[in-house]
Structures are given as C-alpha cells and as structure tokens.
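Biologist: I have a model open and would like to learn how to read it. Could we go through it feature by feature?

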Amino acid sequence: MPLTSLSTARQVALDAIAPAEAERVSLLDAHGRFLAAGVSATRSLPGCDNSAMDGWAVRAEETRGVNRDRPARLRIVDTVYAGALPSRSLQPGEAARIFTGAPIPSGADAVIRQEAARASDDGLHVEVFITVPPGHDIRRAGEEVTAGTALFVPGQRVGAAVLGVLASMGETTASVRPPPRVAVLATGDELVPPGMPALPHQVYESNLILVAALAREAGADVRHLDRARDDEGALRDAISRLAPQVDVLITTGGASVGDKDHMKRVLAALGARFHVDGVALKPGKPVAVARLGDTAVVVLPGNPGAATVAFDQFARPLLLKRQGVLETRRRVRARLSEARHKQAGLTYLITAALEYSGTGEPLARLRPQGAGQILQNVHGEGWAILPAGQADFAEGDIVDVELFHDSAYVAADSAPGAPA
Ligand SMILES: Nc1nc2c(c(=O)[nH]1)N[C@H]1C(S)=C(S)[C@@H](COP(=O)(O)OP(=O)(O)OC[C@H]3O[C@@H](n4cnc5c(N)ncnc54)[C@H](O)[C@@H]3O)O[C@H]1N2
Ligand code: MOO
C-alpha cells in the first residue's frame, strides 16, 4: 500500500483533536494564546475630541492672517488638563491653556502648539503667531475606532499590540483556550540522561528537551517528560499512566519496524485508534497520529532530525487546533544553491537558509540532511519543500520554502472531526 501523502495525512491527523473549551483569563495570561471569540469596540477611540499637543485651544477663525509681526491676542480663560473637563465654553477673543489628551472646550475648534504662541508675563493673554484651519491638532472622537466596530475575529493571536487594544477598551480579561497539557515519552535502551556518564555506544537522550521546547513554542503546557525502556510492559505502563493526564501524548523512538520498535503495537493493544500511520515524508516517515481515549497521541520517530520534522508537521498542528486555530505559514520561492537527488514518492522537508542578493528569488542553501542528525535543525529560516513527484533537482531550480516564523492563523471549526 502506498504511504499517505503529506497533505492528506495532515488533514486526517487533525481529526484526532478538537478545540478545548474557552476560558476567560487576565490579559497578561492571554498573551501568546488565540482569541476564542470575536471582539468589538465597546467605546470609541478617542472617546472625545481632544488635544494632540500642549498649547492653546482657540477658535480657528481668529488666527486668520496672523503671523509673528501681527499676532492674534487672546484672553486666557481656562486651563484644561488631560482627564479634567473644561470649566466653560470659549467665547470670541478667548483661548484656553490645554495639554495633550485634554478635552477640547466647546467653542474651540483648533489647537495652537505652545511653540507657536507666547503668553504675557501676567498670564492674562496669549499671542498666537500662526494661522491654522479648523480641526488643527485636534484628535476627533472616534477617528480611530467607533464603538461597535469589529476589532478582532476568533483565532486572532494575542500579541502585545492586541493586548494594548483590549486594555484601551477597558477590558481586563480575554476569552481564549487553555494551553494543551502535554506529556513527552522517550524510549530507547541506548539512551542515557544528560548529566550521567555515557559510553560511546550509548546516546544522550536529547529528544525530551527538544520536543518539550517545540511543544512550548506551539503553546503547550508540558507537564511530564518521561523515559521508558524498549520493553512492551514498560511502554504499556508509561502510556497508561501518562495518557489520561494530558490532552496530547507525544512519544519518540520505537516507531519503526525493528525488533524493539514496540510503540505502535503497544498503543494498538491499549485500544488506540490510528488516524495516520506512516507518511510519504522524509525525514519523519514512521510518524503516526492516534487517539487513545480522550487523548491525542503523536508517535515521533527516534531520529532527532526526523522527530523534529514529524513534530512540526503533525504535533504542532494538533496543539494549535486544540487552541482553536489552524496555521498557514508563508511560503517563498527560492533557487536551490546546489543540485539534489532524492527518493521519488516522498516529500522531503529540508532546513534551508535563505540568502537575499540583488533581485529575484533568494538562494536556498540546504542543510546536509540525515534523519539522525541534529545540527541541521539549528540554522535556517524554513523548510525547503522537495515535492514527492520529483527525484532530481538541478542547481537554480525553484522550490517553495515554508518560513518558520511568518504564520497566519484562522479559527478552526470547533466541531470535532471538521475538515481543516
Ligand atoms: N528496515 C527499516 N528500518 C528503518 C525504517 C524502515 O522503514 N525500514 N525506517 C527508518 C526511519 S525512516 C526512521 S526515522 C527510523 C525511526 O526509528 P524509530 O522511531 O524506531 O527510532 P529508534 O530506532 O528508536 O531510534 C532511531 C535513532 O534515533 C536515536 N534516538 C532515539 N531516541 C532518541 C532520543 N530520545 N534522544 C536522542 N536520540 C534518540 C536512536 O539512538 C537511534 O540512533 O528507523 C529507520 N529504520
Ligand atoms: O524518518 Mo526517517 O529516515 O525518514 O528518519
């Protein structure tokens, strides 16, 4: 049976999880999450006509034809600070001292910045040196937002700017979905925890920290990092203990066909239902996505390079969907810096560093690729996508590069099993 294509597998995998119930949390706790409900403006911004400058509120018509030699001389009748209200309306021949953000007195229709005016020593009069049109240096009520305007749709990522807008509406909380609870389970008898002595035939266990950090980058609350021996009983115990405690269980290792690759078998024996089992993807071919009770399970290959790609393509979308969103990464077209041969029938995702020089497409320098290698993950801006249907690529061939840090998010349909 041919392996499932990457795009089909990604669609099917999403059925393993549904968005969590929304919760209301304080604005700072909402930082980095995604809005579960749309937000409309509950007030206009600004809330009233106010001054854009420190200076003088005047009637614009009284500045007509004035200059330094022939200033307008106005009587000072009020001082208005931000947060205070004017004590009276402005009559002809009058000016009010005003400060940035303070409400404009009725009768006034322009502001003169204080650099363009001079108050008399006795503080009774001000001379205005410039001619201004009505509305000058006034921020109009509702000029940025009028009450009732839709500000954000569900799925909006809550970054610093969004939080600022919510606070400016007087909000103290936002409706978001909780971070998915995650456990990561690594298996492999060759693995030794960092900090312990390791012989050359042993391998330092590095996937737990790698996957935990990737999960956090996808918004997860990583609660458990565990290791189990390559032994069916040990795996069964670990999975049965961890799965009920989390929304997503991510395993690494033991995913392939070797004698000690028990992961999928144990999951199936525990009653897991597989949505995806093996994908036409390299690295990451043995990846699987299953559902065990209420828990989504992502089985990553043990090879760190393969675990990284498989996490990115399968665990990350699941974690994001649990938070209510689907992610689309921006793709750019780039020229390959060197020829490549690959296996036909598999989509290759290879870390690419982009070099922009002059005009046209950037150059994509592909990292040396090996599923077991780990350094390839470190430097690069995105995945160069070498499509399944092609085996040979020449230097200069155009490929798509999916950027790691340029994403758009839309709300996922909250119905479980809805197509992505
Ligand atoms: N006959 C076949 N052999 C293999 C196939 C195949 O189709 N037929 N698939 C290959 C592919 S593709 C991959 S990817 C690997 C994945 O194998 P496993 O998931 O079973 O991974 P392991 O055998 O457990 O480990 C592979 C490799 O990675 C190292 N490793 C594992 N876990 C960790 C960890 N937590 N930290 C650091 N390094 C880890 C492990 O020592 C091995 O070197 O299978 C191919 N084989
Ligand atoms: O997924 Mo394996 O070779 O693709 O590492």
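**Reading the model**

Modeller: Start with one helix, H7, which is mostly covered: 18 of its 19 residues are buried. Keep in mind that this is a predicted model.

Biologist: What does "buried" rest on here?

Modeller: A residue is buried if 20 or more other C-beta atoms lie within 10 Å of its own. By that count, 18 of the 19 residues in H7 qualify.

Biologist: Where does H7 bend?

Modeller: Look at Phe311. H7 bends there by about 45°. Then look just past the helix: Gly324 has a positive phi of about 95°.

Biologist: Which strands does H7 touch?

Modeller: First take the sheet. Its six strands run in the order S16-S13-S17-S21-S20-S18. The sheet is open and its pairing is mixed.

Biologist: Which strands stand at the edges?

Modeller: S16 (221–228) and S18 (273–277) do. Each has a single partner strand, so one side of each is left without a neighbour in the sheet. On average, neighbouring strands are turned by 20° against each other, direction ignored.

Biologist: And the pairing at the S18 edge?

Modeller: S18 pairs with S20 (residues 288–292) in the antiparallel sense, over four bridges. One residue pair to find is Arg273 with its bridge partner in S20, Arg291.

Biologist: Now the helices on this sheet, please.

Modeller: Helix H5 (residues 232–242) packs on the sheet and touches S13 (181–187), S16 and S17 (248–252). The direction of H5 makes about 165° with that of S16. Helix H7 (residues 304–322) also packs on the sheet, touching S17, S20 and S21 (295–300). Its direction makes about 165° with that of S21.

Biologist: Let me try one residue. Is Arg223 buried, exposed or partly exposed?

Modeller: Count neighbours. Between the buried cut-off of 20 or more and the exposed cut-off of 12 or fewer, a residue is partly exposed. Arg223 has 14 C-beta neighbours inside 10 Å, so it counts as partly exposed. Arg223 sits in strand S16.

Biologist: Which residues does Arg223 touch?

Modeller: Leave out residues up to four places away in sequence. Arg223 then touches Arg181, Val182, Ala183, Gln245 and Val246. For a distance along this stretch, take Leu242: it is 19 residues from Arg223 along the chain, with 9.7 Å between their C-alpha atoms.

Biologist: What does the UniProt record say about this stretch?

Modeller: An unreviewed UniProt entry carries the annotation "domain: MoaB/Mog" over residues 183–321. In the model, residues 183–321 are 34% helix and 29% strand. The end C-alpha atoms of that range are 17 Å apart.

Biologist: How is the protein divided into domains?

Modeller: Read the ranges with care, as a domain can have several segments. The domain assignment gives domain 1 as 6–24 + 179–299 + 314–322, domain 2 as 25–45 + 147–176, and domain 3 as 50–139. Over C-alpha atoms, the centres of domain 1 and domain 3 are separated by 68 Å.

Biologist: Give me another residue to place.

Modeller: Try Asp29, in helix H2 (residues 27–30). It has 16 other C-beta atoms within 10 Å, so Asp29 is partly exposed. Val299 is 270 residues from Asp29 along the chain, and 30 Å separate their C-alpha atoms.

Biologist: In what order do the strands of the other sheet run?

Modeller: The order is S7-S4-S6-S5-S9-S8. This is an open sheet of six strands with mixed pairing. S7 (110–113) and S8 (117–119) are at the edges with a single partner strand each, so one side of each is left without a neighbour in the sheet. The twist averages 35° from one strand to the next.

Biologist: How do I read "mixed"?

Modeller: Follow S5 (residues 72–80). It pairs with S9 (residues 125–128) in the antiparallel sense over four bridges, and Leu74 stands opposite Val126 in S9. S5 and S6 (residues 94–98) run parallel, joined by five bridges. There, Arg75 stands opposite Glu94. S4 and S6 pair in the antiparallel sense over three bridges, with Trp56 opposite Arg97.

Biologist: Where does Met53 lie?

Modeller: In the loop between S3 (50–51) and S4 (55–58). Met53 has 19 C-beta neighbours inside 10 Å, so it counts as partly exposed. Not counting residues up to four places away in sequence, Met53 touches Thr100, Val111, Arg113 and Asp137.

Methods:
Residues numbered from 1 in each chain as written. Chains lettered and ligands numbered in written order. Predicted model: local features only at pLDDT ≥ 70, side-chain atom pairs only at ≥ 80, totals over all residues. Pairing = 2+ DSSP bridges. Helix = DSSP H or I, 4+ residues; strand = E, 2+ residues; numbered from the N terminus. Domains from an automatic or database assignment. Axes fitted to C-alpha atoms, helices over the stretch in contact; angles between N-to-C directions. Contact = placed C-beta atoms within 7 Å. Bend = angle between axes of the 7 residues up to and from the residue. UniProt positions renumbered as here; feature names shortened; annotations may be inferred.
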